[in-house]
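Work through the exercises below with the sequence and model open. Each task is followed by a stepwise solution.

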Amino acid sequence: MKLDWKKQEKKYYLPKTEPELLEIPGFRYFSVKGEGNPNDDFFADYIKVLYSLAYAVKMSPKSGNAPNNYCEYTVYPLEGIWDLKDDAKKSGNHLFDKNDLAFNLMIRQPDFVTSDLAEEIIRITLKKKPDKLLGKVVFGTITDGLCIQMLHTGPYDTEPESFSRMEEFAISKRLIRPVLYHREIYLSDARKTAPEKLRTVLRFKVNRS
């Protein structure tokens, strides 16, 4: 049976438009860290290198590199963990500037992707499509744990409105945020979708008080 996150993992990727609490287990990712304004041209290079690896895994049966337990699946969506650069945190300047952003972009991989397979995919991709960012890509498990999430519809710049609702929900449930960074999961292609129709999963970690 083909694995399709849109059908079999709806609770992680297709949440409601109202805040909800759930436990997120550990998932395996190719990820790459960077800094700066996501509206600048360089940002597309980070996305490109991740998709080059994701589709190398997807097409591995044709290249003879697929593991024995390979199964057909739908490529997972792009995700990003967003924070501020260390110097921006230390400055105490509360005026938001996208140039001060730090990010960890990632694409989840199926469970059959092991560390050894991931290393092989990176090696093969580096040989076929040399890219300096491939040297920054890491593969590993990331566990979000207890989180609040919701579906945000609209431009990225209006996300603070949804985050405010999530914060209010956290207060109502007596939950606290142990860290200020958050995760975004991009269900829409921003190059082909009108800003008002963009669909983005917003998520942040919480602890019980």
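**Exercise 1.** Find the bridge partner of Thr153 in S7, then place S7 among its neighbouring strands.

*Solution.*
Step 1. Thr153 has Arg199 as its bridge partner in strand S7. Strands are DSSP runs of E, at least two residues long, and helices are runs of H or I with at least four, both numbered from the N terminus.
Step 2. S4 (residues 138-153) and S7 run antiparallel, joined by seven bridges. Strands pair if DSSP finds at least two bridges between them.
Step 3. S6 (residues 182-186) also pairs with S7 in the antiparallel sense, over four bridges. Here Ile185 stands opposite Val201.

The model is predicted: local features need pLDDT of at least 70, side-chain atom pairs count only at pLDDT 80 or more, and totals for chains, interfaces and linings use all residues. Residues are numbered from 1 along each chain as its sequence is written, and side-chain values use heavy atoms, without hydrogens and water.

**Exercise 2.** Explain why S7 is largely enclosed by the rest of the structure.

*Solution.*
Step 1. Take buried as under 20% relative accessible area (1.4 Å probe, protein chains only).
Step 2. Five of the seven residues of S7 (residues 199-205) are buried, so the strand is largely enclosed.

**Exercise 3.** Which residues of the lining of the second largest pocket lie nearest its centre, and which strand gives the largest share?

*Solution.*
Step 1. A pocket is an open set of points on a 1 Å grid over the protein atoms alone, where a 1.4 Å probe fits, with protein on both sides within 12 Å along at least five of seven lines; lining residues have an atom within 4 Å of a point.
Step 2. Lys33, Ile81, Asp83, Asn104 and Tyr181 lie nearest the centre, out of 22 lining residues.
Step 3. S4 supplies the largest share, four residues. S6 and S7 are among the elements that each supply at least two.

Technical notes:
Buried means under 20% relative accessible area, exposed over 50%, partly exposed in between (1.4 Å probe, protein chains only).
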